[in-house]
Amino acid sequence: MASAWNVLYSPVLATLLFIALLLLLWFVWDVIDKRRPQYRALRQFPGPPILPLVGTAYHTRGLDPAKTFDAFRRYTRLYGGSYRLWLNTYMFVLNITRCREAEPFFSGVQNTEKSHLYRFLHPFIGVGLLNSHGEKWLHRRRILTPAFHFNILNGFHRTFCEESEQLAAQIDKAEATDGAGSCIELQSMMSQYTLNTICETSMGVKLDSMDGAKAYRDGIYKVGEMMLIRAVRPWLYLDWTYKLLGYASKLQTLLKPLHRFTIGIINQRRELFQHGKLDDLIHDRGYDQGNTGDTSSFNGKKRYAMLDTLLAAEIEGLIDREGIREEVDTFTFEGHDTTGAALVFILLTLSWEQDVQERVYQELRQLKDEKSLDDSAHFSPGDLNTMKYFDRVIKECFRLWPPVPFISRRVTEEVTLPDGRTIPRDCIAALHIFDIHRDPEQFPDPDRFDPDRFLAENVAKRNPYAYVPFSAGQRNCIGQKYALLEVKTAVAYLVLRYRVLPVTERSEIRFIADLVLRASTPLRVRFERRS
Ligand code: HEM
C-alpha cells in the first residue's frame, strides 16, 4: 500500500499529471478559440488542414529558408491563389497572392498598419516611417517627402554616376587579376555599391573613405541575417524567448556600433548645419548644380539631402534627435539591399536574355550618338526616362524578381471582398508580391520574360494592383523614384561598357525566405568589355 502511494506521489507522475492538465486546458481553449468569428471567416479561404492544437504550424516547421520560400509558392499553386494559415486567434494569416484580394490593402486608407513582424526591426530602426502608423507616420511622411523632390534626386544622380564608375573599376580590377571575362559574384558587389550610395545620399558621407566603414558594412549585413533568423523561427516571435535564447543580447552587441556610427555622423552634420556651413558643403559637393526649375528653399536652406531635411525639421521642433536617427537608419536599411537585389536580378536577366540586352544596348547607343555624348559621359535623369524599351525591360525584371517579395499588414478593419468573403479583424494579411506578379490571369504565361507586357495597351488591360514592386497607395515606397534612377544609371553605364554573359543559369537559382529577394547560392555573371 505504502509503495502505491509512493508511486502516486513520485515527481515523475506529478509532472505527467501536470502536463496532461496543461494539454487538457490547451485543448479546451483550442475548441473555444475555433468558435470565434475570425476562425469561421478565415475558413472561407482554402489552406492546409487545421489540426487540433497546432493548427497549421506544421507547414513550415523544420524547413530551412529555401524550403520555406518554396513551400509558400507550392501552396499558391495548390490552392490556386490566396490561402490561409491558422495557429490561434493571436496568430492567423491570410497569404494574399492575387491582386483581387490585395486591392483593398493598396487602394484604401484603412488597414495601413504594419503587422507585428515589423516589431523585429524596432531595435535597429526604431519606429520610423516604415513601421509606424497613424499620426506619427503621417507626420514623418510629411517631413520626409521633400527629401525626394526631383531636384534633390538630380543632385543624387551625381553620386550614382561616381559610384557606377567605381563599380566598373572593380570589375576591371577583377579582370586584370583573374583574366578577361572573369566571373563576378553579384550579390556582394551590388550591395556594396548601394550601401555606398545610400550612405552618401542619406547621411552625406563617403563610406569607403571613413574609419570604421568595414565594421559598419559587416554590422549591417549581420543585423540583416539576425532579422531573417527571427522571421523564419516562430518560437522567437515572443520577446521573452528571444531574450532567453540569447538572441536579444547578441543583436544589441551588433547594434551598438552601428547606432554609434549613425549618431556620430548626425552630430557632425548638425554642427555644420547649425553654424551655417552646410551651404559651403553643398556647393563643394555640387549638389546645387544641375538643378532645374524649382530652387525653392526650406527654412532658408536648399532641400538637397535626406539628413539635412531632417535637421531643418529639428530646428522647427518637428522631430527630435532619436527621430532623426530612426529615419536615417530606416533609409540605410530600406534603401540599400532592395536596390542591390534589383541590380542583381536585372544583370542576371540581361545575361540570360542576350537579344534583349542587345536591343537595350542599341537604344542606349543611339541616344548617346543623338546627344553626341562621349563614351565616358553619363546620361542625365531626363535621358534615362526617354528610353522606352529600357524602361520596359527594367519593369519586367521588377515583376519577375520583386526585390521586396512580401509585405504584411495587420487587419484593423474587417474587409469584405467582392465575392462576399470577409478578411477578419486582427488577421495578418501577408501580401506576397512575388506571387501577385505571377497571377496567370493578369500575366499569361507568367514565368516568361516579356518586356512588352509593359506596352501601354497591355498595361491598360490589367488590374492597377497587378504590378506593385514598390507597394501602392498610402504606404507606397517613398524611395521609388530614387531607386529607379539609381538602378537605371548603373545598368545603363554597365551595359554600354560591357557585354553581360551568363554564368549562373535561371534554373539553378534557389531563393530563400528573406525580407529582400535573395538566393542561397552565389549568383554570377561575366562582364566582357565591349570594343
Ligand atoms: C528597388 C528598390 C526598392 C524597392 C523594390 C522598394 C520597395 C518598397 C516596398 C514594397 C515598400 C512597402 C513596404 C511595406 O509595406 O512594408 C517600401 C516602403 C518604403 N521604402 Fe522602399 N523600396 C526600394 C528602395 C527604397 C529606397 C532607395 C528607399 C530610401 C532611400 C526606400 C525607403 C522606403 C521607406 C522609408 C518605406 C516606408 C514608406 C512608408 O510606409 O511611408 N525604399 N519600399
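## Starting at Phe150

Why does Phe150 count as partly exposed? Phe150 has 15 C-beta neighbours inside 10 Å, so this residue falls into the partly exposed class; a buried residue would need 20 or more, and an exposed one would have 12 or fewer. Keep in mind as you look around that this is a predicted model.

Phe150 sits in helix α8, which covers residues 150–178. Try finding Lys481 as well: along the chain Phe150 and Lys481 are 331 residues apart, yet 8.4 Å separates their C-alpha atoms.

## Helix α9

Next comes helix α9, made of 18 residues, 186–203. From its first C-alpha to its last, α9 reaches 25 Å, close to the 26 Å expected at 1.5 Å a residue. Of these 18 residues, 14 are buried, so the helix is mostly covered, by the count of C-beta neighbours. Just after α9 you meet Gly204, with a positive phi of about 80 degrees.

## Where α9 meets α15

Two packed helices are described by the angle between their axes and the distance between the axes. For α9 and α15, the angle is about 140 degrees and the axes lie 8 Å apart. Their crossing is right-handed. On the α9 side, the contact includes Leu186, Met190, Thr194 and Ile198, while α15 brings residues including Phe331, Gly335, Leu343 and Leu347. Sorted by type, the residues of this contact are 12 nonpolar, nine polar and one charged.

## The largest nonpolar core

In soluble globular proteins, nonpolar side chains tend to be buried together. Here the largest nonpolar core holds 117 residues, and the members that touch the most others are Val344, Phe345, Ile346, Leu347, Leu431 and Val487. Helix α15 (residues 321–352) gives the most to this core, with 13 residues.

Leu347 is a good residue to zoom in on. Which residues is Leu347 in contact with, leaving aside its neighbours within four places in sequence? They are Leu186, Val500 and Val525. Leu186 and Leu347 also both belong to the contact between α9 and α15.

## A second helix pair

Finally, look at helix α10 (residues 213–231) and helix α12 (residues 247–274), which pack at an angle of about 145 degrees with their axes 10 Å apart. The crossing of α10 past α12 is left-handed. Among the residues making the contact are Tyr216, Ile220, Val223 and Met226 of α10, together with Leu251, Leu254, Leu258 and Phe261 of α12. By type, this contact divides into 12 nonpolar residues, one polar and two charged.

Technical notes
Residues are numbered from 1 along each chain as its sequence is written. This is a predicted model: local features need pLDDT of at least 70, side-chain atom pairs count only at pLDDT 80 or more; totals for chains, interfaces and linings use all residues. Axes are lines fitted to C-alpha atoms, for helices over the stretch in contact, and angles run from 0 to 180 degrees between N-to-C directions. Helices (H or I, at least four residues) and strands (E, at least two) are DSSP runs, numbered from the N terminus. A crossing is left-handed if the near helix is turned anticlockwise from the far one by less than a right angle, and right-handed if clockwise. Two residues are in contact if their C-beta atoms, placed from the backbone, lie within 7 Å. Ala, Val, Leu, Ile, Met, Phe, Trp, Tyr, Cys and Pro count as nonpolar, Asp, Glu, Lys and Arg as charged, and the others, Gly among them, as polar. The expected span of a helix is 1.5 Å times one less than its number of residues. A nonpolar core is a set of buried Ala, Val, Leu, Ile, Met, Phe, Trp, Tyr and Cys residues joined through C-beta atoms within 7 Å.
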